[in-house]
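Me: Please give a close account of the cysteines in this model. I should like to know how they are paired, where they sit and how far they are covered.

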Amino acid sequence: MSQLKNGSSQCLWTSICIVLFLMSMARGAVSTDYGEALTKSLLYFEAQRSGKLPPNQRVTWRGDSALRDGSDVHVDLTGGYYDAGDNMKFGFPLAFTTTMLAWSSIEMASQLKVHQEYENVLAALKWATDYLIKAHPEPDVLYGQVGEGNSDHGCWMRPEDMTTPRPSFRIDAQHPGADLAGETAAAMAAASVAFAPCDEVYANILIGHAKDLFEFAKAHPGVYQNSISNAGGFYASSGYEDELLWAAAWLHRATNDQTYLDYLTQASGSGGPRTVFAWDDKFVGAQVLVAKLAFEAKVESNGKIAEFKSMAEQFICNCAQKGSNNVKKTPGGLLWFLPWNNLQYTAAASFVLSAYSKYLEDAKASIHCPNGALEASDLLNLARSQVDYILGSNPKNMSYMVGFGTNYPQRPHHRAASIISITKDQTPVACIQGFDAWFHNPAPNPNVLVGAVVGGPNDNDVYGDDRTDYLEAEPAPVTAAPLVGVLAAVA
């Protein structure tokens with residue numbers, strides 16, 4: 001009898017050891033997975049490239065495309081990134097993507113270096129800024145769109161085959177767009193901070209553009225879709241005050257010039273409490289950057305500065321379910337903001353949590369919410385939980401990052417990925433033929449759009465993996481850019 005007991009306890013102890021070993025292995029695997037997801041998120045940007053591809057292009061199913069962009073106005077507008085799943089270049093969301101990619105590279109530089117992705121982030125960033133520099137040929141001229149949205153959306157074609165019109169649209173002193181100019185100023189300023197440690201000459205070029213664009217934006221108010229009406233049906237702006245604050249905050253960080261701090265402290269408002277941080281609403285971003293100054297004691301935390309910081313923390317409290325207007329969560333735990341490409345808002349909010357966690361930790365501070373306190377670790381843990389959901393810890397056990405894990409979306413709404421690669425079949429795919437042969441084809445996409453994050457599930461954690469459902473199945477660079485920073489933070 002005692003022999004049986006000893007055998008049972010030994011068996012039990014062995015089982016416990018195995019479980020503990022597997023748990024430790026799982027923890028290690030999760031850490032490795034974040035690094036893999038980080039690598040793949042940067043490959044996605046290469047799949048979105050427009051123009052002449054470089055010799056070190058890693059996404060080899062893409063080819064050169066749109067090599068005559070800007071020829072209608074005798075300006076070289078080749079390069080940049082295609083927007084989401086189409087072949088358009090929309091300057092407004094592209095500039096926000098650029099700013100967030102720069103912010104990711106700045107805040108998480110050490111983690112990116114550890115995972116040997118720092119150079120890849122800067123390469124992705126430079127692909128955007130090189131284009132934005134071309135798009136700003138004069139102080140008061142900024143090209144904000146290439147392509148005609150309606151005809152582009154009326155065709156399902158590889159970018160390499162495009163026959164749709166590629167008109168170039170601009171804002172200038174007579175046709176203003178303070179939001180577009182302001183966001184592009186923010187992008188240039190943030191990128192100048194990102195490049196300053198390794199390429200001072202390029203950083204100085206960027207800051208020159210940022211200053212000019214900020215002055216242009218201030219001198220010529222108005223929303224850009226009044227000047228570029230075609231953009232209104234796709235990326236209409238709700239105002240320009242947020243872009244000007246966001247640009248001023250980045251210009252101050254880049255230059256330490258009191259002029260830009262004065263603009264922030266003398267502004268009529270801080271944006272008040274916000275419900276999202278996204279391509280059309282940058283108030284939270286400006287609030288967080290000002291809060292950072294307060295944490296570092298670079299400014300006195302009173303008056304307008306305190307107001308900015310308080311608004312940033314209200315947003316964070318609401319994300320953490322400890323505020324007075326908490327963000328909705330799906331049953332599976334995903335922060336859920338809006339039905340169209342919800343994961344862009346989740347990714348941007350998670351970046352705010354990751355960056356603010358760092359500020360709190362450095363300042364040995366915490367946030368006092370209406371329903372409890374938040375420490376730095378609480379913010380990072382919440383950001384990690386959102387990344388975990390995106391990467392597969394959800395009711396569907398599906399990774400919403402294409403190419404990550406074994407169960408991921410097979411049919412993202414994306415022209416280039418959904419049509420056979422030009423490197424395999426150079427026969428042109430015509431406008432309507434693309435819809436018939438590829439868009440409505442129930443088969444998985446022939447090209448795996450590695451690193452793309454789709455729009456995501458609905459508020460009940462349901463996702464259909466349907467190419468025709470652009471609300472949920474279309475990936476976009478505005479989602480990937482902040483996620484780069486979050487993945488680096490938790491990796």
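Reply: C319 is buried, at 0% relative accessibility, where buried means under 20% relative accessible area, exposed over 50% and partly exposed in between (1.4 Å probe, protein chains only). The closest cysteine sulfur to that of C319 belongs to C317 and lies 9.4 Å away, which is too far for a bond, a disulfide being a pair of cysteine sulfur atoms within 2.5 Å. C198, by contrast, is partly exposed, with a relative accessibility of 48%.

The model is predicted, so local features need pLDDT of at least 70 and side-chain atom pairs count only at pLDDT 80 or more, whereas totals for chains, interfaces and linings use all residues. Residues are numbered from 1 along each chain as its sequence is written, and side-chain values use heavy atoms, with hydrogens and water left out.

Across the whole structure, the search finds two disulfides. C317 takes part in one of them, joined to C369 with an S to S distance of 2.0 Å. The link of C317 and C369 is left-handed, with -85° about the S-S bond. Because C317 lies in helix α12 (residues 303-319) and C369 in strand β6 (residues 367-369), this pair ties together parts that are 52 residues apart in sequence. Helices (H or I, at least four residues) and strands (E, at least two) are here DSSP runs, numbered from the N terminus. Both ends of the bond are covered: C317 is buried at 3% relative accessibility, and C369 is buried at 10%.

The other disulfide joins C155 to C431, with the sulfurs 1.9 Å apart. The link of C155 and C431 is also left-handed, at -95° about the S-S bond. This pair connects distant parts of the chain, 276 residues apart: C155 is in the loop between α5 (149-153) and β3 (168-171), while C431 is in helix α16 (residues 431-439). C155 is buried, with a relative accessible area of 9%, and C431 counts as buried at 19%.

When the bonded cysteines of the chain are numbered in sequence order, the pairing reads 1-4, 2-3. In that scheme, the link of C155 and C431 and the link of C317 and C369 make up the two disulfides found.
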